[in-house]
Amino acid sequence: SFVQSGSAASAQLTVEMASAGLGPLAIIKTESAQVAVGTLGICIAGLVMGKVWFMSIEHKKPRTLTPQWQAATAKYRAMQKQDPIRNM
């Protein structure tokens, strides 16, 4: 009986420790549900941050599309003979 009450008390203490300091997650009673909600929150935050990032760069032209870059690339490729079959 002592072992049983001791394990019940430690289980209750574990639940109290798990829900302490979790803020809004403290209303969710089981640890697995807390983990699931926390994981979902992190995923949503990542998706939102990714969407904001892509929206901020979607209208910018890559620097490798400028005429100067393309001319320098063509010159470099010619010096390195990277297109040997081109003039056949």
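Here are three short exercises on this predicted model, each with a worked solution.

Some ground rules: residues count from 1 along each chain as its sequence is written. Local features need pLDDT of at least 70, side-chain atom pairs count only at pLDDT 80 or more, totals for chains, interfaces and linings use all residues, and side-chain values use heavy atoms, with hydrogens and water left out.

**Exercise 1. Find where confidence is lowest and where it is highest.**

- Start with the whole protein: mean pLDDT (the predictor's confidence in each residue, from 0 to 100) is 79, and 70% of residues reach 70 or more.
- Now go by helix (a DSSP run of H or I, at least four residues, numbered from the N terminus): α1, residues 2-19, is lowest with a mean of 55, while α2 is highest at 94.
- Where pLDDT is low, don't read the predicted coordinates in detail.

**Exercise 2. Work out whether V48 is buried or exposed, or in between.**

- V48 sits in helix α2, residues 31-57.
- Its relative accessibility is 48%.
- Buried means under 20% and exposed over 50%, with partly exposed in between (1.4 Å probe, protein chains only), so V48 counts as partly exposed.

**Exercise 3. Check the span of helix α3, then place W69.**

- Helix α3 covers residues 67-80, which is 14 residues.
- The expected span is 1.5 Å times one less than the number of residues.
- From first C-alpha to last, α3 reaches 20 Å, close to the 20 Å expected.
- Just after α3, K81 takes a positive phi of about 55°.
- W69 lies in α3 and is partly exposed, at 35% relative accessible area.
- Beyond neighbours within four places in sequence, W69 is in contact (heavy atoms within 4.5 Å) with R63 and T64.

Key
Helix = DSSP H or I, 4+ residues; strand = E, 2+ residues; numbered from the N terminus.
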